[in-house]
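Reader: Please take a close look at one part of this model, a sheet with its helix and the pocket beside them. A second sheet may follow for reference.

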Amino acid sequence: MLTVSNLSVQFGKRILFDEVNTTFTQGNCYGVIGANGAGKSTFLKILAGDIDPTSGRVILEPGKRMSVLNQNHNMFDEHTVLETVMMGNKVLFAVKSEMDALYADYDDKNADRIGELQVQFEEMNGWNADSDAAALLSNLGIGADMHYTLMSEMEGKMKVRVLLAQALFGNPDVLIMDEPTNDLDFETITWLENFLANYDNTVIVVSHDRHFLDSVCTHISDIDFGKINHYSGNYTFWYESSQLAARQKAQQNKKAEEKKAELEEFIRRFSANVAKSKQATSRKKMIEKLNLDEIKPSSRRYPAIIFDVEREAGDQILHVQNLAASVDGEVLFKNVDLNMAKGDKVVVFSKDSRATTAFYEILNGNQKADAGTFDWGITTTQSYLPNDNSEFFTDGSLNLVDWLRQFVKTEEERDEVYVRGFLGKMIFSGEEALKKCTVLSGGEKVRCMLSRMMMIRANVLMLDEPTNHLDLESITAFNNSLKNFKGSVLFTTHDHEFAQTVANRVLEITPNGVIDRYMTFDEYLDDDKIKELRKKMYN
């Protein structure tokens, strides 16, 4: 379907890809992964023809159509929503546009050409194009009342959905998507997962959403050492198998047959789990090719995120009564009651992200509530990771060692060797620890904020969208640390896997009150009574 031949990419002295040869075949979904800076987005742009490689080429099978999720949100501002979606199939849209123009200026000379175009249009199922585009939009939460709105009048999050519909429109043979779940809510992501899991053509996707990668991928395409290797299976299989291979590599004295037996048992156990999942009905091919020889250790580095507590909290953690907040007269939430007990790990969410952020800002004393009260238990200590951490990184005189020193608790911790060791665990080694705190990337800032939280050793953690800007390695390590954390957690996330594996309680805050349930996140989303209740709460 799509072949990459002798592909090399070099920027100055830096070699990103070195003589890459690989093929993407029909019916498979490839999740492209790699450390930050490995070249994931560059690779997709080369496949799409947006940038040229230094050498080598990309060959799409003749007669096949490629579609790419557009990252320029303002490119179609002069077109209507429905038109923008149909432009996803360039050939179909060109035929339709020419036909419309000839009809508008109709005379006998045009008749033959119109006849030719109508035949082409019919062969491409053009007469159903409007209704197909409308159905895609409706599935992505854009109702018929918006289909003839100009793109320039659509808000940012809605534009993302229109461009997603554009990429999916007309059943392309190869579909290329860079971070397709950004700015989508959980329901829309679930729809997209089901759509792609049942998609018969080739999908190549970059995503930091592990639940999404697990739901849709038949293969993981790992960018490592300047090469790209395909591994059968989804992200969890790749992650667990590469960890197992790394452990085995470290056990030099273990016999080869023992290692083989351990790997075979791992594949058997994983295959049984996949057979039970909803994916088993769609991308069945995944298990058929799980291969012992493919399992190799990765060069990836995972930060050591470990949250210790200075003291154990008592039974009373947080008591919230009748809390309310608004912005410019618009109610974000009201009547929020919460009695949080020891060991509660609560995923706080809302259809409006301003509501969850206001909730944390109030609990941290940074914003005044419109109404209501809250009281922290006397044995609690809190640590907060805000959505916007920019105020922590304004002093250009501080390098990372000095920055982290601000949060130490003992004289021993002030020692440079101690602080550097701490930063090393968060993958700031050597010279990186002397970077100025004002020149950090988004992901580096979050890793610094996590270091700060680890230093504070609080027994209650509050996290507002903590996985934004983090790479897959950091998200995975962070997720595992919160599962093992002995204290209590309040967190908001767009990462489905994070919500499902950490939370034992769900708190949804709405303009008309709160829904509070002790259950897993998946149970909450799947519960029919809660679905009905949610509709009422947002009306």
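Author: Helices (H or I, at least four residues) and strands (E, at least two) are DSSP runs numbered from the N terminus. The model is predicted, so local features need pLDDT of at least 70 and side-chain atom pairs pLDDT 80 or more, while totals for chains, interfaces and linings use all residues. Residues are numbered from 1 along each chain as its sequence is written, and side-chain values use heavy atoms, without hydrogens and water.

The sheet is open and has 3 strands in the order β2-β1-β4, with antiparallel pairing (two strands pair if DSSP finds at least two bridges between them). Its edges are β2 (14-24) and β4 (55-60); each has a single partner strand, so one side of each is left without a neighbour in the sheet. From one strand to the next, the twist averages 15° (axes are lines fitted to C-alpha atoms, for helices over the stretch in contact; angles between N-to-C directions run from 0 to 180 degrees). Strand β1, residues 2-11, is joined to β2 by 7 bridges in the antiparallel sense. One bridge pairs L2 with F24 of β2.

Helix α1, residues 40-48, packs on this sheet and touches β1, β2 and β4 (contact means heavy atoms within 4.5 Å). The direction of α1 makes about 125° with that of β1.

Helix α1 also reaches the second largest pocket, giving 4 residues to the lining, the most of any element. A pocket is an open set of points on a 1 Å grid over the protein atoms alone, where a 1.4 Å probe fits and protein lies on both sides within 12 Å along at least five of seven lines; lining residues have an atom within 4 Å of a point. The volume of this pocket is about 560 Å³. Its lining counts 24 residues, and D50, V68, L69, N70 and K90 are the closest to the centre. Two or more lining residues come from each of α1, β5 (66-68), α3 (90-104), α6 (156-168) and β6 (174-178).

The second sheet is also open, with 6 strands ordered β14-β15-β16-β12-β17-β18 and mixed pairing. Here β14 (382-385) and β18 (513-517) stand at the edges, each with a single partner strand. Strand β17, residues 505-510, pairs with β18 in the antiparallel sense over 5 bridges, and L507 has D516 as its bridge partner in β18. Helix α12, residues 353-363, lies across β12, β14, β15, β16 and β17, at about 145° to β15. Helix α16, residues 442-456, lies across β14 and β15 and runs at about 180° to β14.

Note on methods
Points joined across faces, edges and corners; volume = space filled by probe spheres on them.
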